Amino acid sequence: MTTTESRPAPSSGTGKSGRFGELSRWWNARSRPQQWGLLVPVAALIYLLPVLNPPILTTEPATSFPIALFNAAVFALIAIGLNVVIGQAGLLDLGYVGFFAIGAYSAAVLSSPDSELGVRFPWLVIVPIAMVITMISGVILGTPTLRLRGDYLAIVTLGFGEIVRLLADNIDPLRGNRGFQDIARPGGTYPDGSPIFTQNDAQGFYWLAVTIVIIVLFLMGNLERSRVGRAWIAVREDEDAAELTGVPTYKFKIWAFAIGAAVGGLSGTLFAAQVGFVNNQRFDVTTSILYLAAVVLGGQGNKVGVIVGAFLVSYIPDRFQFEPEYRFLVFGLALIILMIFRPQGILGMRQHLLAYGRQAYQKLFGAGTGVAPTSLTPSSRAAGEPAEAVPDDRSGSRPQGGGE
């Protein structure tokens, strides 16, 4: 016995969610070159921000606007790296500041005259060395601990961040609170002969940081659409199911830690070059919690979302001059309100499980739809085609196969 059922065509929606849905579908219908072309004016505006110094956005006179923008750009780079671990692979990391510290100390040890090594490498040579060191650190941390999950993994990573800070405190070559001065900076001069990268004027460092963020975003986007990115999503959604379907979850979790650590090390070298001084006071647990807050606030799993969250976490205190003790109160209240009304973050997660799933779907069903239908709608059936037959479970006839 069967029954017939007519399924109405999905409505386009006229409310707020409908407008955002239409905008999302329009954006997703663009090819990647078209999307990058549309983003060029936005990138140009971002580059021009320290020159324009808009009165509404400026943090002066209390804080130099280029320095505030540079700090926000470094925060965004850190959030992108942490998003690989938390947002893509679903691994809770509370000690990410340890990788940031390793990158900064690598730059200091390899270039500062205070270093016992007695060497002074250029900044461009330091960057790949620091990234390799932090990747090795990520592998060393992940190899014995990534068989843990949830709270246990969070405790271990929290301990890792504290170990790095305590080592900087107690190992004499790392100089503790004395720190390292005169750390190497990138080269380059303006047409008038003045240096581009200086400690007092962060405009050149801001342009460099934005360029690095764009490059890392491009690489991470390609990585997400690769086999590695799809494996991370599978691990994040259900690690046991991913393991049963043949995904080597342990290996891909190690990859997530290593890649996230490399981005953290890169941000550390950039920070050390601009500040020119590194000691043990900048790598505490509260800083690591701010990194996590940026990812959760923006929307873990969404690269653009974590950049927005990082900008807010870094820029708002500089803009409104919060006292340090009130900064965490403000962000704590903001996170509580956000988790109540929008638990997915400012920009929610985008799940594209197939590298070219959008293009394949558009070829099959047309370019105007946003979500794959579970069945053909009445309007999409050929004229004269009978209505869809739905098996009646009470008659003992159940659908066979994998389902929708």
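In helix α11 (residues 285-298), Leu290, Ala294, Val295, Leu297 and Gly298 are in contact (heavy atoms within 4.5 Å) with Gly305, Val306, Gly309, Ala310, Leu312 and Val313 of helix α12 (residues 303-320). By class, this contact has eight nonpolar, three polar and no charged residues, with Gly counted as polar. The model is predicted: local features need pLDDT of at least 70 and side-chain atom pairs pLDDT 80 or more, while totals for chains, interfaces and linings use all residues. Residues are numbered from 1 along each chain, and side-chain values use heavy atoms, without hydrogens and water.

The axes of α11 and α12, which are lines fitted to C-alpha atoms over the stretch in contact, come within 7 Å and cross at roughly 130°. The two helices are therefore oblique to each other, a term for angles outside the ranges under 35 degrees, 65 to 115 and over 145. UniProt, in an unreviewed entry, places a transmembrane region at residues 289-316. This span is 86% helix and 0% strand, and its end C-alpha atoms lie 16 Å apart.

A second pair is formed by α7 (203-224) and α10 (249-275), whose axes come within 11 Å and cross at roughly 175°. The pair is therefore roughly antiparallel. Residues of α7 including Phe205, Ile212 and Leu223 meet residues of α10, among them Ile259, Leu266 and Gln274. The contact comprises twelve nonpolar residues, one polar and no charged.

Both α7 and α10 also help to cover the buried residues of α8, as do α3 and α9. Those buried residues (under 20% relative accessible area, 1.4 Å probe) are Gly229, Ala231, Trp232, Ile233, Val235 and Arg236.

Definitions and conventions: UniProt positions are given in the numbering used here, feature names are shortened, and annotations may be inferred rather than shown by experiment. Helices (H or I, at least four residues) and strands (E, at least two) are DSSP runs, numbered from the N terminus. Buried means under 20% relative accessible area, exposed over 50%, partly exposed in between (1.4 Å probe, protein chains only). Axes are lines fitted to C-alpha atoms, for helices over the stretch in contact, and angles run from 0 to 180 degrees between N-to-C directions.
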